[in-house]
Structures are given as structure tokens and as C-alpha cells.
Amino acid sequence: MSAFSAIGEEREIDREEFTPTLEPQATWCPGCGDFGVLKALKQAMPEIGRNPDEVLLVTGIGCSGKLNSYFESYGYHSIHGRSLPISRAAKLANPELEVIAAGGDGDGYGIGGNHFMHTARENHDMTYIVFNNEIFGLTKGQTSPTSPKGHKSKTQPHGSAKDPVRPLSLALTSGASYIARTAAVNPNQAKEILVEAMQHDGFAHVDFLTQCPTWNKDARQYVPYTDINEADEYEHDPTDRDAAAAMASEAEQALYEGEVLTGRFYVDSDRPSYSEEKQAIGEMPEEPLAERYFDDDYEWERTHDLLLDRHK
Amino acid sequence: MTDHELMWRIAGGSGDGIASTSQNFAKALMRAGLHVFTHRHYPSRIRGGHTYTEVRAKPEPVRSRGDGFNCLLALGDSFARNPQEDAYYGDEEVKPLAENLDELNEGGVIVYDTGLLDSDDIPNFEQRVEENNWHVYPLNLREIARDHGREVMRNTAGVGATAALLGIDLQYFEELMAESMPEKILEPNIEILHYTHDLVEEEFEFTHDLQVPEGSHDEEQVLLSGSDTIAYGALDEGCRFIAGYPMTPWTEVFTIMSQALPEVGGISEQVEDEIAAAALAMGASHAGVKSMSGSSGGGFALMSEPLGLAEMSETPVVLVEAMRAGPSTGLPTKPEQADLEHVLYTSQGDSNRVVLAPGTVAEAYEQSRLAFQLAYGYNIPVILLYDQKLGGELMNVPASHFDREPNPDLGAVTTEEELEDAPHGPGGKFHRYRYDAEDGVSPRSIPGQKGGHFLVTGNEHNPAGHIDEDPTNRVTQMERRMSKLDGVREFLDDKNTQTHMGPEEADYGLITFGSQQGTVREAVDRLNEAGHSVKGIGVSDMMPYPVEEMTAFLESVDEALVVEMNASGQFRGLTQKELGRFGDKLSSLLKYNGEPFEPAEIVAGFEASIEGQDVPDQQTTYVPAAGD
């Protein structure tokens, strides 16, 4: 019998289970795109059939890091840029959990960029939502890794001399097996993409465009947007890696030219997840490790029996 | 002394097989009934560079390197750089002979490989041999190895020669070789062993007195390093997850764990950096698996931020820190104890962690186990602080020391049944951080448990884990977290983690922490034999500090000398900070040249200190007490 009876509980899930019944109410600014992520995530939960006690939502620092304050589940509001190493280890410890990591563009593409690259290459079975608003919000409007070249802010008074990070291309190069971009202004697509991302057996990267009406003085709403999987002018096949590379590159460029291209850029359903790879080489048990500590019948190994002979 | 104990040093270049040969040599002597202890010296290079390992063996327990050594097997550095005239690093090829002579005791034995070493290249060799009454046995070990097998087997030839000169039965070496070598290389090795042994007996007239002493063990012994015992303690506490990034000397623990964990259904992760390593260990621990990570100084610096989160979020985790000489890259393969203040205080905010510094190979096993018991019992990060010396030295320990039950207990966690009756907030969140928790320890739920969800945050938070900046909440939660250290202190008091040495009553004290314990113990014994009134204490609890025990110790002596391997007297400083007095009683003996203390250096340091003189040896430093 599992020590974690919330996992796999078969019942109807109501999205309101994920809404805290009392305060704290979200403290994001009116019109903030972060509300769109929260709403889409709550809507996606009943569709994947997960309840609050079997979901672990790990966040970084920033406005986006507050997500699990307003989302009722096991939450881990960690430190700047480190949501991925914490969350992927939790998934290894108990693969039956639904593990989601979330953070901003500074958190994921800046300070945590190394973790992003490596978590993607390992293809952990988890979802990573990056709130991309092209600005540092909580510290009041500094230039971020995705701010366009020439972006002026108090810390970049003459405009940024840097080309922005290309998040979709970076995810693809690093090895993510599901790559999508959606926007807070497109709630239906956002919800569908989050459902797919959570159902995908591998590392799913969702670059979520979240407008910042307070600090991004251009106050871009990411409209109009074009869904590359539906629009006639794009016959994009997300299972084709080369096509995905070209499409990602085009979308990244287009964003800075005022055109918002969203949708699924890359989907590789065949690639085994990291847990499957580890299990295949005998470096990870088939049963969730976390269960073992609650199993009174488990016979724990002793080094005295196992390892001491070589020292005699 | 020469016929009482053997201090054998095998010297060559990195890559010459010094470590494995010396390990087998030590094990052979252990099997022959002796107590053994090894001391490693190696450069930060893969191929070439002077390397040696010393094996000290005698019939009585041996807990430290000795003073110098009495038998040298110099193989030469087969990977040496080609020396130019006036090269920065000198003639590397002959260093295994040349560099060791200063520490070779009078009357000592030298075996060197004439296949690579020419004594004419050693300045004043003949004169020094005569002056020191050394006994020299030149042998072309390379040629012997080449003729009977392969040149790399010269180490075996050297062991055969040593065995003949010192009267060690070859059977111990044969057995060890048979256990570790495939047949193809076993045969020529055995032949080389015997051939060299017999050749030495036939060709040379022995002029030395040194013989291997005889001894016997009451019970079965095992030969382990501190890295072995730290890993084994973790495994026996049910640790089944490790994450790390390679760095000398912590890599040893990481390697041992990575090889053992798949055998017991555990998980090892080598990751992108040490920030990730510590964060992974915390993530796995949060999800219900006993976990660890670790590094050495530079890598541990990267763990500062996750460490602080572990304190604030009360996520249990064990981090090991294997010190090497700093600052920065420092002396990557040499020991030092200069990261004490680093591990005590790194990360923002008030420290709320446990730091243990085991003193011996056997203690490292016990304290590795204690580290997990404390981390999971109190939901607090625990750091096991050791160094390149303790991690790498081999010592015999009774096998029965490890004959203990495993302890996979997850500590302060809830079950689902307990969660049903546990307090929850109005939103349904489990009160993970209760104000009224017993001993300050509020049990955690594990993700997946029904009715257990709550929020972890690095922000200050209320009982449900929500961010909360209310001053009263702040003070309550701070005081609750800090109070856990009181419980830890009581827990440790029952475990006798400090090691007392010498007589109960004495005029003088020797104080040390961590890996210098065995050497200080030997110094305490020698000083008492020489008529001094000295007792010693090896301290393991760095945080929470054993205030009562140390107060009693310091009140009982007139003066105390603090022995540590760093330049600024960090442990003396900690002692004064924690006790708030005794500044006029505490002097320091420091060493930071990359080598651990020898017992005689501590004896000399003590004698200088009570006579108010400077230490005679430039490699150690004496700092007098305040007011002196």
C-alpha cells in the first residue's frame, strides 16, 4: 500500500480546489500577465486529473515566484534560479508526483540558465513554465535577459548592447523534448499547452509571454498573436527538429519586430525520460524511492554485510 | 625506536601506482597482525610530480603519521618533465629520492631503483649516507620487472625487496595480489615478487637493524579511509540519494557513494555545479528520501545559498565539506583546516545549522550517522567537516565497529494518519511550521501525502508556510528555529562526541579539532611520558559548541595550546567566542604548509609555549595567549 494515497486518487477534480479559500490574494499588479498563468494552470489541473496533494509546484524568485502562494498544492518557493535542480530531484525521489517548476525570464534564462540547459538535456519528466515579460519586475524594471537590444532602464541607461537570449532555440539545442510558447492574452491556447506539457513524458518547456503593464513601459500585450500550428501561412511540423529550429528562430526574431508567434514548436514523444534512462542502466529503482521509507517490511542493506569484505 | 615501528615511505611520480601499492602494503601488514596508518602526499597532477605514501606500522594502535620515517623505497618519477637547467621545478626525475632524504631518520634504510635514479645526481649523497648512518640498497627494479613481466611491475619488485630487507612474509602480498589481479598479470607479478626477494637476500649483506615488528590482533580488522567511513555511515543511515560535482578531495566520498548506491537501489546524480548539487539533495529530501551532497571549499562556497534555504525552510540535508588548503584553488591536494569559519557562517542571516568535525576514521563513521540522525530528527542542515588528511588516510579499525543496525528512520515527518488530526489553516494547508512545536521541531509532511500540502518558502513565513512579515510571527519563528540547537546540544551530550586524552587531572591542556586528533593524542602521551602534566581534548562539535564540556576542561588547566592546521587560529577564535573568556589561557600552534602535524612538532610547540620561547621549526607557528 502506498504511503502517498493522494497519488492516483481517482475522483473528479474541481479547479477551485487549487484556489486558496482565504487570503492571500494575488498581489500582482492589475493587468499583469501572471494572472493568466495562474488561471491556465488551475484550468489544466482537472484535465490531467491531479489533486493538490499530488502536485509539487517549485518556483524561483521574482513576481513569478509568488505563483505557489496563490495556487493550492505542495509548494516550494525556493531561491533565485534554483527551481529546476530542486524540482527534478523531487521527481527522481518520487516519480509519481506531478512536478512543475516556474520562474521568470531572469530566473530561468539568466541566473538559472545553467540549470535550464542541463535539466533540458537530461529530459526530466516535468514541466517548466517561464514567465517571460522581458523585464525584471519585482526589482522595479531593470533590463532582463530577454529584453530587446537597445532596451533602456535605470541599470542600462544607454540601452542594452546585448542581443537577447533566444529561449526556444536554447531549449531545443539543450535537449528539451517539448517546446512551446504561449501568451497570457491567449487563455485557451495557454491551458491546452499546459495540459500537453504536463502530459508529455519528458522535459516540457513553456515560454509564457506575460505582459508587465507596470515596468515594461511599452506595455506590450502580446497581441495580435498567431498560432503557428493553426495559421495557414505556417505549415509547421513540430515533430521535425530542423523545422522546429527554423521556426523557433523566426519566432524569436519576430517578437522584437512586433509579431507574436505562439504554439508548439517542438514535440518529441519518442525520447525516453531521464528516469527511464536511469532505470535502463540500473541506476534508479523501479519503485519510487520515497515509498521505501514508509515500508516496514523493507530490509535495509548494511555496509557491514555489503562492503566490508574488500577492506579485510 | 627503529626496531619498534616501521615507517615505510614509497616515493615516485603521480601515475606510478604509489597509492595502490602502498594500500596493499598497509593491508599486508594489517593482516600480519600490526596496526597501520597511512599518510599521503601528492601533487595536483595526473602524470608526474613527486608523490609518496607513508605506511606506519607497529604492534600497538597507531593513530598518526610518525616523526619522519625509517625506510624509503624510491622508484623515481617515470613521468617527470624534462628538466632544463635552472628549471622552476628542478630535476623531477630524482625527487623521489632527493626530496625525501631530509625526513629520513638516522639509521634508515634506502632502496632505490637504479633503472631511473642515479645517486650521482643527488648532491652530497655519499656524505649524507655516511653522516646519517643510512643503509643503501640500490637495485635495478625496472630491469627486473622488464625481464620477468612488464616495466610497470617495478612496484612489485620494490615490495619484494622491502620484504626481504625487513623480514616480511611474502604470503601476505601473494594473497592480496591473487585477490585483486587477473591471472594474466598475477603470474608475472608473483614471479617478480619472489625473484627480487631472493635476489636481495642473496646479493646483499644486510647492515641495518630495522625489521618489521611482530604483532597480533584480538579481533578481525578492516582497513578504511575517512572517505570510506563517511560514505558507509551515510549508507547505514538509509541515505539513498547523493548529488555532486567532482572536486578534490570530496570526490572520494562522491565516488564511493556513486558506486554503492545503484547496488542498494539508490540514486547518484553528477550535476552541472555545486549550487545544483545542494539543491538536488534538498529536493530529493523534501520528497522523502534521505539525501546528501558535498564538496570541498570552492564548491562548498557555491552551496551557500541553498544551505541558507535549507535553514529557513527546515529542509533536512547532510552536506560534507572536505577541506583542502586555500584560499581559492590553494593547494588542491593538500590538507588544511581553514574552512571552519566558512562552513560555520556562510550564507546570509544567522546560522542555524549543525557542524560536526570527526577526528578519526572510526569517528567519521559514527558522526556521519549522527549527521543524518540530527538532520532528519531536527529538520536542519548538518555539515560534516573533514579534510584531505582524514579523507585519504587509511587506518585499521575492528570490523565489529561497523556491525550495527541500519537506521532508515525519516525522523520528524508525519504519516497520513497523523495528518488527519494535525492542525491545518483555513485554506486547507497543513501547519508545517507550528509555533508550539516540541523542542522547536515541527514535523514535515511529504509531497503525495493526503492532507499534507503546505508551502515552503525562503521568506519568513507563518505556520502554513505563507510569506509573513509580521514582527511577532518573525520573532516566534526565529526563536523556534534557533531553539532546535538546544535539543541538538542535549542529543550530542549523550553521544560523547568529544575525545578526551591523557590523565583526568593535569596542569596543561592540548586542544584540537577534527583530523589532528590522533597526532595530538600521541603528543599528549609522549609529553606525559616525558614528565609533563598534560591532558588533551579533540573537539568534534563545532556548532552547537560544547560550552559546558569545554568550560570544565579549560577551568581545570592553567594553560592550553590549541593545535590546528590554519594560519589564523580559527578554532581558538571560535572557542573564545563561544566561551566568552579564557583568552589569557589559550595559545595557538598553527601549521599551514600543506602537511599535517607530526607528533614531535606538537611536543616541541608545547615545550616552547610553556617556556615562552618561539617554536624551533619554521613550518609551524606559535601564537601566544592574549596579554602574554
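**Exercises on the interface of chain A and chain B**

Over residues 61–208 of chain A, the chain is 33% helix and 20% strand, with the end C-alpha atoms 16 Å apart; helices (H or I, at least four residues) and strands (E, at least two) are DSSP runs numbered from the N terminus. The model is predicted: local features need pLDDT of at least 70, side-chain atom pairs count only at pLDDT 80 or more, and totals for chains, interfaces and linings use all residues. Residues are numbered from 1 along each chain as its sequence is written, chains are lettered from A in the order in which they are written, and side-chain values use heavy atoms, without hydrogens and water.

**Exercise 1.** Determine how many residues each chain brings to the contact, and what area is buried.

*Solution.* Take contact as heavy atoms within 4.5 Å. Chain A then gives 62 residues and chain B gives 75. Next, take buried area as the accessible area (1.4 Å probe) that two parts lose on being put together, summed over both. The result is about 5700 Å², with 58% from carbon and sulfur atoms. In chain A, the residues losing the most area to chain B are A:Y74, A:Y293 and A:K312, together 13% of what that side buries.

**Exercise 2.** Find the number of salt bridges across the interface, and examine the partner of A:R88.

*Solution.* Apply the rule: a side-chain nitrogen of Lys or Arg within 4 Å of a carboxyl oxygen of Asp or Glu. It finds 7 salt bridges between chain A and chain B. A:R88 pairs with B:E272, their closest N and O atoms lying 2.8 Å apart.
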